[in-house]
Amino acid sequence: MLFISSYDFYALLTEIYFLNAICALLIYGVILNTSYRRGHPVIEHNVSGLSTQILIVSLWLTVCSNIPCLTSWNSLLVHDFLSFGIKSTILAISLLWSLIIFSYNRLEKINLYEYWIVSMLAIVAMLFVSCSYDLLAMYLAIEFQSIAFYILASFKRTSEFSTEAGLKYFVLGAFSSALLLLGISLLYGTTGLTNFGDLSKFFLGTTLENASFINITFFGVVLIEVALFFKISAAPFHMWSPDVYEGAPTNVTSFFGILPKLALVSLIFRFFYFCCAEVVLLLNFTLIICALLSMIIGTFGALAQTKWKRFIAYSTISHVGFIVAGFSTLEFNGAFGALFYILVYTLTSLATFSIVLSFRCLAYPSTYQLRYLTDIVSLVKLNPILAGSLVAVLFSMAGIPPFPGFFAKVFVLFSLLQEQLIGLAIMAIFLSCVSCFYYIRLIQMMYFTHTKTILIFYPIEKTTSTILSITMLLLVLIFLKIDLISNFVHCMLFL
Amino acid sequence: MNVLYNEYSAILTFFAVAFLISLIILILSYILNPQQSDQEKVSAYECGFNPFDDARATFDVRFYLVAILFLIFDLEVSFLFPWSLVLGQLPSFGFWSMVAFLAILTLGFIYEWKKGALEWE
Amino acid sequence: MTSTTLFWIFSIISLISACMVVSLSNAVYSVLFLIVVFCNTASILLLLGAEFLSFLFLIVYVGAIAVLFLFVVMMLNVKIDGVKINYSTIFLIGILISLILLIQIWTALQLDIEAYDNIGVPLSQNNFPTIISWIQENELPSNTESIGLILYTSYSLVFIMCAFILLLAMIGSIVLTMNQRSGVKTQQITLQLYRNQNKVVRFIDLRKN
């Protein structure tokens with residue numbers, strides 16, 4: 001056969017196993033769930049354990065595979081160290097994420113086992129996003145992931161918040177996918193190529209002095225950039241994320257906050273640095289403006305928030321501003337800073353969500369999730385270890401040494417200064433100081449505020465506390481061996 | 001020019017004539033009729049008495065589910081069309097990729113059947 | 001009629017219908033004009049020679065998606081009055097954004113579009129299609145065949161991804177809209193078929209010790 005070989009199946013071994021396992025889990029779930037003889041059992045907990053097992057086996061398959069750096073499936077996908085690193089990180093983090101969610105589903109009585117099926121399909125889509133090397137594969141993988149997210153955002157059918165969040169996300173996401181498709185069609189229509197490698201060779205020499213330039217190709221690249229920035233909620237395309245983060249149930253918000261940005265940032269890196277390396281030199285000012293706007297809107301938006309999930313959404317926007325600033329340097333130092341930042345951000349947001357999901361209060365006979373920021377007053381008296389871990393997470397997000405957030409910001413700022421983007425660097429430092437204020441305000445609420453009435457906190461579940469302790473260990477101690485992460489990112493970029 | 005235009009120009013002529021005739025009938029009836037409408041003439045007709053309720057009652061969402069499932073299987077069938085044309089020229093990998101596609105959608109079909117989405121009540 | 005005239009007719013009708021879709025207050029009329037847009041776009045695609053895509057538009061868009069739109073409009077029970085939107089506040093910004101987009105597309109489109117038409121100039125003057133390239137008809141695969149030759153072989157990965165997207169859509173639609181009722185008494189055909197006639201009625205004597 002001319003176009004397919006057994007290497008293609010070996011390269012996709014993880015995804016093939018994962019998809020087969022999801023199909024088997026789907027049929028297993030539906031046969032048990034609708035069986036009259038067994039009394040329509042609720043198998044959500046069972047399926048959650050099986051999904052965790054699927055994640056463990058696929059992580060093992062990914063980590064133990066050899067990586068000859070080739071493209072597969074008729075050059076639709078690429079397998080190099082970047083896709084290997086991002087895939088193994090996504091699978092490891094989603095394994096830890098699934099352990100946090102166990103107890104939440106039981107307490108909030110989300111009894112549909114399809115939650116796990118849709119989440120697993122979203123994770124497979126993220127794996128495809130991170131290794132796509134063609135405009136078609138990129139579009140389909142992004143659509144696959146987005147449709148899974150639309151379903152998850154409106155998962156709680158009885159809550160108006162949730163359905164409204166799903167609807168907003170769907171309308172805005174479909175519009176951005178339409179812009180992505182318009183950009184792809186303009187790019188294909190004028191060049192006749194869809195492969196990233198072919199496009200990079202096509203664009204060679206665009207920035208030479210006498211090179212002829214096709215304006216409409218440039219317009220296509222701009223549209224694709226707009227759509228990709230929408231998906232990672234960079235400003236000025238960030239409008240969906242506070243509403244969607246707040247309306248969706250908290251386990252889904254944690255999924256949105258932790259995982260998709262990693263895959264999309266690696267796709268943006270591949271698109272801007274390999275595919276459109278010459279064209280994006282002309283787009284430099286758009287990247288700088290997006291980074292600046294994201295940082296400003298994220299910082300000043302988070303100052304005004306009173307609810308947990310909106311607060312996390314706005315601080316996410318400011319972190320994404322740093323990542324886009326790293327990419328705006330158009331040098332590999334900046335890309336290193338950006339990828340380092342997204343890895344540290346994923347770890348930090350895993351810790352954040354494991355803390356936020358432990359904020360349950362007892363209001364007999366049921367428990368409820370804390371919604372407001374001011375509900376955590378005097379947390380140090382109720383649960384001092386939880387308060388201490390929140391302090392570590394907030395310090396890491398603010399960029400205070402020796403936490404890894406400091407190193408991430410430092411690498412991005414160094415690359416900005418190297419490229420003479422001094423104004424952006426000064427604004428970044430200034431806005432980080434402003435963001436320190438609202439992080440430390442939370443610490444002040446926990447430690448130094450005295451109230452007359454405090455809420456009764458529900459004790460943390462065992463699985464959540466395991467993940468919390470793992471992430472705390474990593475956050476607090478990784479400064480001793482920071483070259484673990486930086487070597488990993490370096491290998492991903494240059495191999 | 002390709003032979004496509006010869007084949008479809010007949011359909012175009014058909015559409016044009018049909019459109020023209022319906023337009024003529026509508027315009028003639030609009031021009032030649034006396035238009036004196038009072039409240040009784042334009043109200044909705046419900047077998048002689050006053051209508052009970054508005055004609056637009058809210059639908060049940062089961063209709064929508066049936067329409068979505070129809071759309072998904074319609075897309076599956078539309079993927080089958082080019083495959084059936086070129087099956088003689090494809091290597092065996094082309095055959096098996098369509099079998100994989102149909103197997104995945106059969107799994108979805110089993111899921112729907114067991115869940116009871118295909119039953120009406 | 002030349003293909004250029006037909007292209008102009010279909011484009012103008014679809015543009016006017018698209019404007020009517022967004023500006024009418026009756027939602028059902030909007031959906032009907034959307035169907036007009038879809039049919040005209042399918043005709044334009046037919047003029048380009050992409051007959052598979054054209055009929056796919058008719059089958060999928062008009063036959064399923066417009067039906068879904070109509071279901072949503074009827075289900076939401078939107079009254080004829082509609083929502084009165086005050087356009088005066090957003091008029092200026094809307095004009096500005098549309099102008100920017102229009103200028104960007106206009107300056108980008110410096111291509112000579114008309115030069116690629118009329119490669120086979122007809123011999124007669126009355127613009128009827130008189131030249132048919134029989135070599136092209138025999139040798140080159142048609143639109144449907146050419147799609148089929150690569151979709152299932154070279155691009156089989158995206159084809160299987162489409163299968164999973166459709167599977168996800170099935171799961172999602174059932175998760176979001178279906179109400180499962182477990183107390184419904186349906187017929188158990190298997191039990192009915194295994195009914196043994198002799199064992200159905202028994203005589204039980206209650207007075208025996």
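Modeller: Before we start: a residue counts as buried if 20 or more other C-beta atoms lie within 10 Å of its own. And keep in mind that this is a predicted model.

Colleague: Okay, with that cut-off, what percentage of chain C counts as buried?

Modeller: Of its 209 residues, 20% are buried.

Colleague: And how many helices and strands does chain C have?

Modeller: Eight helices and zero strands. Reading from the N terminus, the order is α-α-α-α-α-α-α-α.

Colleague: What share of the chain C contacts with a separation of 6 or more comes from residues 24 or more positions apart?

Modeller: Those pairs make up 51% of them.

Colleague: Switching to the contact between chains B and C: how many residues does each one put in?

Modeller: Chain B contributes 48 residues and chain C contributes 46.

Colleague: Which elements give two or more residues to chain B's side?

Modeller: Helix H1 (3-32), helix H3 (61-86) and helix H4 (92-115) of chain B. H3(B) gives the most, with 19 residues.

Colleague: How does that side split into nonpolar, polar and charged?

Modeller: On the side of chain B that touches chain C, 33 residues are nonpolar, nine are polar and six are charged.

Colleague: New topic, chain A. How do strands E3 and E4 run, parallel or antiparallel?

Modeller: Antiparallel: E3 (residues 360-363) and E4 (residues 366-369) of chain A are joined by four bridges.

Colleague: What links E3(A) to E4(A) along the chain?

Modeller: A hairpin, passing through two residues.

Colleague: Which residue in E4(A) is the bridge partner of A:Ala363?

Modeller: That's A:Ser366.

Note on methods
Residues numbered from 1 in each chain as written. Chains lettered and ligands numbered in written order. Predicted model: local features only at pLDDT ≥ 70, side-chain atom pairs only at ≥ 80, totals over all residues. Pairing = 2+ DSSP bridges. Contact = placed C-beta atoms within 7 Å. Nonpolar A, V, L, I, M, F, W, Y, C, P; charged D, E, K, R; others polar. Buried ≥ 20, exposed ≤ 12 C-beta atoms within 10 Å, placed from the backbone.
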